[in-house]
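The questions and answers below go through some helix contacts, sheets, hairpins and charged pairs of one chain. Please keep the sequence and the structure at hand while reading.

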Amino acid sequence: MFDQFEEFFFVYPDKSKRQPFYKFLRLCLDIPFVKVILCLREDYLHYLLECDRLFNFTAINNNILDKNIRYYLGNFSSVDAKAVVQSLTEKTNFYLEPALIDQLVEDLADELGEVRPIELQIVGSQLQTDKITTLDQYHQSGTKEKLVERFLEEVIKDCGDENELCARVVLYLLTDDKGTRPLKTADNLAEDLKTADIVLEKEQLNLVLEILVGSGLVLNIPEDPANLYQLVHDYLVSFIRQSQEARELEERKKEKQKRQQAEEKLNIFLKRQRNSAIAVGAIMTFLAAVSVIFWFQSEKNQIIAISKTSEALFTSHQTFDALKEGIHAGILLKKLPFAQSDSQLGTQVLGALQQSVNWIVERNRLEGHRDLIWSVTFSHDGKLMASASYDNTIKLWNQDGREQNTLKGHKDKVLSVSFSPDDQTIVSGDFQGIIKFWKRDGTPIREINTHSKGVYSIDFSHDGQTIATGSRDGTLKLWKRDGTLLKTLKAHKDGVNSVAFSPDGKMIATGGRDKTVKLWTSNGKLLDTTERNQDFVWDLAWSNDSQTITAAAGGAASTSDDNRVKIWNRHGTLLTDFKAHKDGINSVAFSPDGKMIATASDDKTVKLWKPDGTLLTTLLGHTNGIYAVRFSPDCKTLVSASADSTMKLWQVGSISCSRNAKIPASASVDSMMKIQFGSGVVSILNAHRDRVNQVHFSPDDKIIASASRDKTVKLWKRDGTLDKTLDGHSDNVSFSPHDQTIVTVSDDQKVKLWKRDGKFLRTLFKNSDNILGLNFSPNGQFIALGSMDNKVIILRPDSIKHQILNKHDDWVRAVAWSPDSQMLASASDDNTVILWKQGNKGEFYRYETLAGKNGHKSWVLSVSFSPSDDMIATSSNDKTVILWKQDDKGKFRWYKKLEGHTDEVNSVTFSPDGKMIATASDDKTVKLWTRDGNLITTLTGHNDYLLSATFSADGKTLALGSADGAIILWNLDKLNHLNNLDSLLGRGCDWLHDYLKNNPKVSQSDRHLCDDIKQKPSSQ
């Protein structure tokens, strides 16, 4: 049993120091009938999550916080507290009258009626010491706080009069102003006492500590080289720090600091007086130099502050604003003389600007409405956007974000707006049930007052001759274009939230507050009613081929946590159903080519999905719920409208799409799908539910394989389409060099061979312990395994023969082959890398060990050979990468240590041409280095630990496996064109061009921010 286990994280703040315990814990859990109990404070439970991340705890299903093994040992209820007091007093013959017990429990209980055991223990102990057994005696003794204070006083008196001050100060020193209990040695306490002008003999301090420990007030924790002392409970901290002696001690420390500062000032003054005669002649020159230095430092500090602001904005998902601030800092850096020679300043500015440029997706921001924006739509020619707002207006916007016109005339909130197919007419509906018709230029045409409640949705038929309106009054009305009413249908038992004609004009779909979706003929005959959702259906959309319809539930005024997206075919058969957001979904839209679905939610996010429910990306930046989302006709742009009164334009495509494309029938059909978000530097594949430990490209670059803690291996096409999922697997996968087969490890430690198309071939081997490393040899003749039982195992894919190599003293984390397959490197938790060489008879033997005083100081997590075979790179838990170079005798010698990561380096790999090295770390960064170990750049902006890095065969893409379940693809071609301040400023200014030029809220200074920056013609 490990009690007060939260102290483990205080004593060992460095994660690498905690990992040996986790390894010990895993070994204990794997022993039958051994139970391990960890007791810690509830607010420290989340610290345990790193166990699951760092190790494979199969005994507890990799869920250390599982409710089935987590038990709450908290405060007593009032009833339980009374029972405890009665039981304890009966056993000790210390009788308390019932009225006293009732009052005591009432005083000790918090707002929830709970009593803290430590408080009950201390107060009860003091009752016994003071012999208080009746309610009257208790009232005379004072409050419970007084009892606790007397408890402390009793312990201090036990130390003797001559040691009283020492005891009080020691207790004070075992607290801090954060309300926690620091661990201190006797020497630490002696030094602190000296700082407070209290000098003691060592024996006197030891006596005080012995008495405090004996009383149970202080813990004595055996530790090497010196025991540690700690206050027994946080509860006592406030009582100790509020004492008069504590306040006097603080005053004493302040007085001493003042004396020291006064002495320092006096010494400085005397020194200046002594040197003044010498310095008089140089004063003017000195002052001039100082003024320049101060000016330069002031400008430098301003640049750093702006750059740090950019970083903070990026971290809070305000990437658009972060980019603007990053450009500010970059321009100031360019203008400041000699500043660019300051490498530290340049790195700071470049890093902040680079991450914004790399990850930016928001292309423009439209601001002009004064209230919530409920609806937005594109004109069919893509040249205009119309937005409807609670400020009673409709605004028309150009593609570049310029406000073209404001349509005024509604007397209440405008809820819906739609363009006719020829884009010459605009129809809008408001909260009073009034429909207005407008010309494209904003000229009013007519007004109709026919719905009794708000008009939430409007749509034109494909031929433009019929208009459908859906209202909160529960009706669907069909109109001629001239405003003549054709038909009124009682469509839903409650309000109609959404109405949409199918693009072929043959059907109408409606979604209602009665939680259903209904399908109608174009003339109003009911065809089908879908199965009820759990919540209001707020929006629905047709795919452009009219074969599929999607609907979103939840949204504003939601009554459950449904928050799902459902997709049906046109006959009402459910195809896909997935939970999309944590809060209600207000809007859903198909991209015109049918390859993406966008959803907008009260959780302030927009999400993009493949039609099979695979998440593509999450767009963050709005500061309030999002009520509408629509794609531009060319698929390049997505517009979102929010309760924060803004609209955002997101770049979600790089090439125009075909409006006639059919939605893929499955995730594997559309092999030509190409989605490019934002600046095009980063793409993300999301399908795993847990950390991705390995990512690999097939040798022909057509397939990406990812292995995850979620027990799946997924095969992706290069364009990001999920092709196959292999279930029941651990964290390892490797391609054969000839592209025909894949090797994986199942969660029962079986090594399995598969065809590239996902067809199972055979089981090659079963190991007795977890397999951590897996690698096909380049010649295809061998498969190497690294295991938790400290073994390296070499298999032959075409034989049952295998070789076991037993030379490591701890887990073997990774294995890597030399390009000629004649040598194997194994990386281990014993801090070494062993090189194994193939002998004349085909068996492998230990060739050499990479270790020693220049070697790694902790576990070696990854190893990689250079393509030229003459260099090895290793990465470690010690936060470093080491390069080992082959000498003329064929031995590998220490060459260089690469430092810069601030946490363990999980992966290291060479580019196919051998000119670049990539390292991925728990510090959430990737660093790219030259072959000689010089840092090229640091890739930042990732959300979680990075566990794997690999180059594509053509060297143009770097794939990363992340602890958040994502596979992140960096486009190195585009990245290489953004490798200096000028290129980043050019790209950033090009990106913000329309915003800086047209947004009315941009200041005049920002309007001209990029005037002197060379920009490429904006191609969007």
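Q: In the hairpin that β40 and β41 form, which residue in the turn has a positive phi, and of about what value?
A: The model discussed here is a predicted one. In it, β40 and strand β41 (residues 760-766) run antiparallel and are paired over five bridges, with Val 751 standing opposite Phe 765 in β41. Four residues lie between the two strands of this hairpin, and the turn residue with the positive phi is Gly 758, at about 95°.

Q: Which residue takes a positive phi in the hairpin of β39 and β40?
A: Strand β39 (residues 741-746) is joined to strand β40 (residues 750-755) by five bridges, and the two run antiparallel. Across this pairing, Thr 741 has Lys 755 of β40 opposite. The hairpin has three residues between its strands, and the one that takes a positive phi, near 65°, is Gln 749.

Q: Which residue in the turn of the β28 and β29 hairpin has a positive phi?
A: Strand β28 (residues 605-609) and strand β29 (residues 615-620) are antiparallel partners over five bridges, and Trp 609 faces Leu 615 in β29. Between these strands lie five residues, and the positive phi, about 95°, belongs to a residue in the turn, Gly 613.

Q: Are α9 and α11 roughly parallel or roughly perpendicular to each other?
A: Helix α9 (residues 164-173) packs on helix α11 (residues 202-214) with the axes 10 Å apart and at an angle of about 65°. Angles of 65 to 115 degrees count as roughly perpendicular. The two helices, α9 and α11, are therefore roughly perpendicular.

Q: How many nonpolar residues does the contact of α9 with α11 have?
A: α9 passes α11 in a right-handed crossing. From α9 the contact takes Cys 166, Ala 167, Val 170 and Leu 171, and from α11 it takes Leu 205, Val 208, Leu 209 and Leu 212. By class there are no polar and no charged residues in the contact of α9 with α11, and the number of nonpolar residues is eight.

Q: Is α16 roughly parallel or oblique to α18?
A: The angle at which helix α16 (residues 343-359) packs against helix α18 (residues 981-998) is about 40°, and their axes are 10 Å apart. Angles under 35 degrees count as roughly parallel. The angle here makes α16, relative to α18, oblique.

Q: How many charged residues are there in the contact of α16 with α18?
A: α16 and α18 cross in a left-handed way. On the α16 side the residues are Leu 350, Leu 353, Gln 354 and Val 357, which meet Leu 981, Leu 984, Leu 985, Arg 987 and Gly 988 in α18. Divided by class, the contact of α16 with α18 has six nonpolar residues and two polar ones, while the number of charged residues is one.

Q: Which strands stand at the edges of the open sheet β18-β19-β20-β21, and why is one side of each left without a neighbour?
A: The four strands of this open sheet follow the order β18-β19-β20-β21 with antiparallel pairing. Because each edge strand has a single partner strand, one side of each is left without a neighbour in the sheet, and these strands are β18 (496-501) and β21 (526-529).

Q: What is the bridge partner of Met 507 in β20?
A: Strand β19 (residues 507-512) pairs with strand β20 (residues 517-521) over five bridges in the antiparallel sense. In β20, the residue bridged to Met 507 is Thr 521.

Q: By how many degrees are neighbouring strands turned against each other on average in the sheet β22-β23-β24-β25?
A: Four strands make up this open sheet, in the order β22-β23-β24-β25 and with antiparallel pairing. Its edge strands, each pairing on one side only, are β22 (537-542) and β25 (574-579). With direction ignored, the average turn between neighbouring strands of this sheet is 15°.

Q: Which residue in β25 stands opposite Ile 567?
A: Strand β24 (residues 564-569) runs antiparallel to β25, and five bridges join the two. Opposite Ile 567, in β25, stands Thr 576.

Q: How many residues apart are Glu 50 and Arg 18?
A: Glu 50 forms a salt bridge with Arg 18, with 2.6 Å between the closest N and O atoms. The pair links distant parts of the chain, since Glu 50 lies in helix α3 (residues 49-54) and Arg 18 in helix α2 (residues 15-29), and the separation in residues is 32.

Terms used. Residues numbered from 1 in each chain as written. Predicted model: local features only at pLDDT ≥ 70, side-chain atom pairs only at ≥ 80, totals over all residues. Heavy atoms only, no water. Axes fitted to C-alpha atoms, helices over the stretch in contact; angles between N-to-C directions. Parallel < 35°, antiparallel > 145°, perpendicular 65-115°, else oblique. Left-handed = near helix turned anticlockwise from the far one by under 90°. Contact = heavy atoms within 4.5 Å. Nonpolar A, V, L, I, M, F, W, Y, C, P; charged D, E, K, R; others polar. Pairing = 2+ DSSP bridges. Salt bridge = Lys/Arg side-chain N within 4 Å of Asp/Glu carboxyl O.
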